[in-house]
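Biologist: I've never looked at this one before. Could you walk me through it, one question at a time?

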Amino acid sequence: MTPPAAAAPPMNAGAVPQDSQANVDIMNVITRGVSAPWLIILGLALLGVAQAVGTLAYQTYYGLGVAGYQAPVFWAVYIVTFVFWIGIGHAGTLISAILFLFRAKWRNAINRGAEAMTVFAVLTAALFPLIHIGRLWKFYFLIPYPNQRGLWVNFKSPLLWDVFAVNTYMTISIVFFFVGLIPDFAIARDRTTGVRKFIYTILALGWQGKSAQWKAHNRTVLHLSGLATPLVLSVHSVVSWDFAMSIVPGWHATIFAPYFVAGAVFGGFAMVMVVMIPVRRIYGLEEYITDYHFENMSRFILLTANICGYAYAMEYFIAWYSMVEFEQTSFYLRAFGPYWFSTWCMIIFNVVFPQLLWFKKLRTNIPFLFVLCFFINLGMWFERYVIIITSLSREFIPAAWGLYIPSAAELSVLAGSFCWFSMFFILFLKGGPIIAIAEVKEITIHEKAHGGAH
Amino acid sequence: MPTVVSVFDLPGDVVAAVTKLKKRGFDDIETYCPAPFPEIDDALDPKPSLVRLFTLVGGLTGVVTGFWLQIWMSLDWPIKIAGKPFASIPPYVIIGFELTILFGGLLTFLGMLLVGKLYPTFTLDKEYSPRFSAEEFGVVVKCDDRDVAEVDALLRAESAKEVSLGES
């Protein structure tokens, strides 16, 4: 018996003989240095955030009057934008949790980008209720805490359900995002030096891909997916009940929960496309995020667009069929009243345009998808605008009707919210792997094993 | 005790090697994988992960906390709202549900940290190598001096591409 090659050097002494292609390509996004366009976009985003902070300081000092709040419209662009951003988050959870449970392996290339988008969208959305209440320093009234007045919050109010739903969603999204990042932080730890290595070492939590670690990790991802799936459906349902639990014509409808969830997934997928198409192009990730991924997402968009279309039609049908004069008037004025423009934008961008996705040629045409998804995002913002503003401005007696026009302050904060979201995303491009490397390898190694490449 | 360190390319070979090693009675095995391959983890230890208990305990704690919080607070300062009972269960289902998810998710995360022994650290295993966060698999066996040759032969038979003696 010959002893084994005891003379061979220990494993960790040498450098990595050949790094995997996925590591090299995806780590390159982080390590290749900061480019001028990246800095310019980040600078613009920071500028946008700064001007919105300025507006908020002004609004906080002078009161919500500067936001144009006037009877009868006291929920306006801030709430519209809150619902918009919460909705954006839903595609990320759908991709990472629901498609995981359905074992749709194609999700592996896009789930990281979508999860990052979810976390940043929810971080954006969570600011809006605070902005909307005006007196920022009273936000803690929303939390049930023991106080000397002995008062508690009203647990029968949908607004309070929203506090719990959105905070749970934010927490679970961040946990899910971080859990998925741990193996990739370990990859980054092994391939960086200096301060970066120090930070990644801490974030990787000593990950070495041991079987006990993977076992715990797989189980955690499975359970978090199982928990996040009903959670994501509940969150937008609860958001919809902020409206549907009232008796305002145009809001008081049982279809709201599924309608909002479908709309959220629809808008979220569109946002994933809008964000990932440029990222893929700029960083040359075509090998990982293929046209096939975009085609699959287009199919989701087509499906949810039609669910939205059905919900729009059903709202009108029920308004007519209910024979309630207020509902009928409210819906008539949606399409032909002072806000006709936003209503038709919503219908054309969200239902008519997506019908083009029936054609495979267009589903695989990336520039077309980018433009379409941009319009879908616009349409989804208008959808919430239509639901909230038209309903509130045309309630019951015509004497109490009013007109609302978004104020400069609101538009400034709206623009700031997009900059705030972009800021997080741009920073993340340089902070963590934008594609889940370990999960991509799961597929490539499987292919290697079954394709007989050896 | 000597440590035999081997490198594999394919997960199927790792499973075969681990299964054979365990059959021969070598139980002190550790694997390092670049991606999740549940079949390897199961070959090493077929028991399901303890993380599931954390989820269960978290979820149950959450649902109890959710309902207790709302019922107790409603009764602590009773206010009649919309003619409903002070503690009316149907609307409380929503926050009860949200807290089930919140506590369940956080405890699952805690479970992963405890069960997987994950914490910020600067010391990694001596046998660990950045190769194992590339595309190669590591199988590390601790055995007696007299068994080294057998383990070596066994690993090579399952197409280990490198086998070496680590520092013990």
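**A first walk through the two chains**

Modeller: Happy to. Of the 454 residues of chain A, 58% count as buried. Keep in mind that this is a predicted model.

Biologist: How many helices and strands does chain A have?

Modeller: Chain A is built without strands, as their count is 0. Its helices number 16.

Biologist: What radius of gyration does chain A have, next to that of a compact globule?

Modeller: For 454 residues, a compact globule would come out near 22 Å, and the value for chain A agrees with that. Along the principal axes, its C-alpha trace spans about 100 × 60 × 40 Å. The radius of gyration of chain A is 24 Å.

Biologist: And chain B, in what order do its helices and strands come?

Modeller: Chain B has 5 helices and 4 strands to arrange. Reading along the sequence, you get β-α-β-α-α-α-β-α-β.

Biologist: Is chain B spread out or compact by the globule rule?

Modeller: The rule gives 15 Å for 168 residues, while the radius of gyration of chain B is 25 Å, well over that. Its C-alpha atoms fill a box of roughly 80 × 30 × 25 Å. Judged against a compact globule, chain B is therefore more spread out.

Biologist: What share of chain B is buried?

Modeller: A residue goes on the buried list when its relative accessible area is under 20%. Among the 168 residues of chain B, the buried share is 50%.

Biologist: Let's zoom in on helix H3 of chain B. What lies between its end C-alpha atoms, in Å?

Modeller: H3 of chain B covers residues 51–76, which is 26 residues. At 1.5 Å a residue it should span 38 Å, and the model agrees with that. The end C-alpha atoms are apart by 37 Å.

Biologist: Which helices do the buried residues of H3(B) pack against?

Modeller: Those buried residues include B:Gly58, B:Gly59, B:Gly62 and B:Gly66. Their partners come from both chains. They are H6 (158–190) and H8 (211–244) of chain A, together with H4 (89–115) of chain B.

Biologist: Back to chain A: how many residues of H9(A) are buried?

Modeller: H9 runs over residues 256–282, and its end C-alpha atoms are 39 Å apart, in agreement with the expected 39 Å. The helix is mostly covered. Of its 27 residues, the buried ones number 23.

Biologist: Which residues does A:Ser298 touch, leaving out those up to four places away in sequence?

Modeller: A:Ser298 sits in helix H10 of chain A, and with a relative accessible area of 0% it is buried. Its C-alpha is 9.4 Å from that of A:Cys373, 75 residues apart along the chain. The residues touched are A:Met273, A:Leu357, A:Arg363 and A:Leu369.

Biologist: Which residues of chain B does A:Ala438 touch?

Modeller: A:Ala438 is in helix H16 (residues 437–451) of chain A, and at 4% relative accessibility it counts as buried. On the chain A side its contacts include A:Pro183 and A:Trp214. From chain B, the residues are B:Pro34, B:Ala35 and B:Pro36.

Biologist: Now for the backbone oddities. What is the phi of A:Met323?

Modeller: Most residues other than glycine have a negative phi. A:Met323 lies in the loop between H10 and helix H11 (325–336) of chain A and, at 70% relative accessibility, counts as exposed. Its phi is positive, near 60°.

Biologist: Is B:Lys117 buried or exposed?

Modeller: B:Lys117 also carries a positive phi, of about 50°, although it is not a glycine. You'll find it in the loop between H4 and strand S3 (137–142) of chain B. With a relative accessible area of 63%, where over 50% is the cut-off, B:Lys117 is exposed.

Biologist: One last thing: is the peptide bond from A:Ala71 to A:Pro72 cis or trans?

Modeller: Most peptide bonds are trans. A:Pro72 belongs to the loop between helix H2 (36–62) and helix H3 (77–101) of chain A. With omega near 0°, the bond from A:Ala71 to A:Pro72 is cis.

Notes
Residues are numbered from 1 along each chain as its sequence is written. Chains are lettered from A and ligands numbered from 1 in the order in which they are written. This is a predicted model: local features need pLDDT of at least 70, side-chain atom pairs count only at pLDDT 80 or more; totals for chains, interfaces and linings use all residues. Side-chain values use heavy atoms; hydrogens and water are left out. Helices (H or I, at least four residues) and strands (E, at least two) are DSSP runs, numbered from the N terminus. The radius of gyration is taken over C-alpha atoms; the globule rule is 2.2 Å times the number of residues to the power 0.38. Buried means under 20% relative accessible area, exposed over 50%, partly exposed in between (1.4 Å probe, protein chains only). The expected span of a helix is 1.5 Å times one less than its number of residues. Contact means heavy atoms within 4.5 Å.
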